[in-house]
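Me: I have a structure to go through with you. Please look at it, and then I will ask about it piece by piece.

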Amino acid sequence: MARRTSNREREFALARVIAIVNDKGGVGKTSIAANLGGQFAGAGYRCLLVDLNRQANLADDLGYRGSEIDDEGAGLLGSIIARTPLRPVPDIRPQLDVVCGGARLEDLTPVMVSRLQNHGRDAFRVLGDVLAPVARDYEVVFVDCPPESTILTDLALASARWVLMPTKSDLGGLLGMTLVAERFTLAREINARLGLLGVVLFATGSRARAVQGEALAAIDEAFGGSSPRFETSIRHAERTAQDARRLGKLAHELEVEAAAQPAWWEELRSGTRTKRISATAASVAGDYRALGVEVLSALQAAEEAERPRTRRKARA
Ligand SMILES: Nc1ncnc2c1ncn2[C@@H]1O[C@H](COP(=O)(O)OP(=O)(O)OP(=O)(O)O)[C@@H](O)[C@H]1O
Ligand SMILES: [Mg+2]
């Protein structure tokens with residue numbers, strides 16, 4: 001009886017955990033985690049980002065690499081080894097907390113290999129076990145998954161309620177998605193509630209419509225039917241991406257700074273050259289806002305669809 005209750009509590013706590021997954025590198029997983037997290041937090045939602053990457057690009061996007069809060073994944077590793085609740089770093093931005101990734105996650109592989117030998121695939125549930133006690137404090141949790149790292153991604157898929165999958169429209173991104181579809185099916189054996197929240201096209205030029213069509217058909221095939229897609233895509237904007245990582249600022253933060261820069265002619269008049277922030281930041285920030293709205297409404301629609309079933313269960 002007690003075990004069933006705690007399972008239900010775990011399920012409830014993890015109901016808004018969204019793993020951002022694609023086996024292919026460089027398709028926007030980290031950029032989307034950082035920017036959606038930052039914008040949700042800016043809009044007043046309590047939000048947590050969990051970084052499962054050894055290279056920890058989230059630290060660059062949010063500007064905390066090498067700072068005193070950057071434990072390079074030691075806290076996450078320690079929690080998983082000791083099976084103790086995660087301890088997020090608070091207020092990386094107002095309302096936005098983070099569990100750092102980094103090089104220390106290297107040591108997770110041998111730990112998990114040995115647990116898998118002893119407990120089988122159920123061992124992957126450990127991330128959910130250490131995340132659930134803190135996840136209930138947040139309205140949305142994003143887990144930024146690494147490329148080509150099966151154990152770390154499997155940990156995320158065994159714990160999350162949802163998968164959000166960014167892809168580029170090239171062959172590599174599509175192959176990465178097919179690999180996710182396989183791991184997704186396996187993960188559902190131990191995490192039956194795992195669902196695909198949606199697929200989002202990342203850094204895809206507006207002229208690539210035909211390619212996008214092919215990409216979307218391949219997504220359907222990979223997930224065995226019709227799969228949800230977000231209408232919003234994140235536009236290709238290299239300078240904004242460079243500004244973001246160079247300055248440790250999110251697109252909507254760059255948008256504010258770009259608007260506050262002196263006019264270009266003032267620079268010419270004063271004879272000083274400064275590195276300017278690309279005005280495209282505003283458009284990119286707008287893409288993330290539109291995606292955020294879609295993500296929220298997809299979550300709300302799914303929760304609404306489940307509500308009567310939950311009530312019926314509660315009455316039984
Ligand atoms: N809108 C954009 N247009 C073009 N490039 C972008 C854009 N946003 C981010 N980038 C750049 O694209 C690259 C890949 O982005 P990102 O790191 O988010 O992908 P990822 O899927 O997390 O990669 P990895 O699998 O290596 O962790 C980065 O160099 C990033 O700076
Ligand atoms: Mg990344």
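Me: How far does a polar side-chain atom of Lys29 lie from an oxygen atom of ligand 1?
Reply: This is a predicted model, where local features need pLDDT of at least 70, side-chain atom pairs count only at pLDDT 80 or more, and totals for chains, interfaces and linings use all residues; side-chain values use heavy atoms, without hydrogens and water. Residues are numbered from 1 along each chain as its sequence is written, while chains are lettered from A and ligands numbered from 1 in the order in which they are written. A polar contact is a pair of N or O atoms within 3.5 Å. For Lys29 and the oxygen atom of ligand 1, the distance is 2.7 Å.

Me: Which residue has a polar backbone atom 2.8 Å from a nitrogen atom of ligand 1?
Reply: Look at the backbone here, not at a side chain. Gln55 uses an N or O atom of its side chain, 3.2 Å from an oxygen atom of ligand 1. The backbone atom at 2.8 Å from the ligand's nitrogen belongs to Arg235.

Me: How much of the area that ligand 1 exposes when taken alone does the protein bury?
Reply: Accessible areas come from the Shrake-Rupley method with a 1.4 Å probe. Taken alone, ligand 1 exposes 630 Å². The protein buries 82% of that.

Me: Which helix gives the largest share of the shell around ligand 1?
Reply: The shell holds 18 residues, each with a heavy atom within 4 Å of the ligand. Helices are DSSP runs of H or I, at least four residues long. H2 (29-42) and H10 (238-247) each supply at least two shell residues. The largest share, three residues, comes from H2.

Me: Which pocket does ligand 1 take up?
Reply: A pocket is an open set of points on a 1 Å grid where a 1.4 Å probe fits, with protein on both sides within 12 Å along at least five of seven lines. A molecule sits in one if more than half of its atoms lie within 2 Å of its grid points. The space taken by ligand 1 is the second largest pocket.

Me: What volume does the second largest pocket have, and which helix gives the largest share of its lining?
Reply: About 590 Å³ of space lies in this pocket. Its lining counts 31 residues, those with an atom within 4 Å of a point. H2, H10 and H13 (281-315) each give two or more of them. The largest share, six residues, comes from H10.

Me: Where is Arg83, with its positive phi?
Reply: Phi of Arg83 is near 55°, in a residue other than glycine. Its place is in the loop between helix H4 (74-82) and strand S3 (89-93).

How values were computed. A polar contact is a pair of N or O atoms within 3.5 Å; within protein, one must be able to donate a hydrogen and the other to accept it, and residues adjacent in sequence count only if both atoms are side-chain atoms. Grid points are joined across faces, edges and corners, and a volume is the space filled by probe spheres set on the points.
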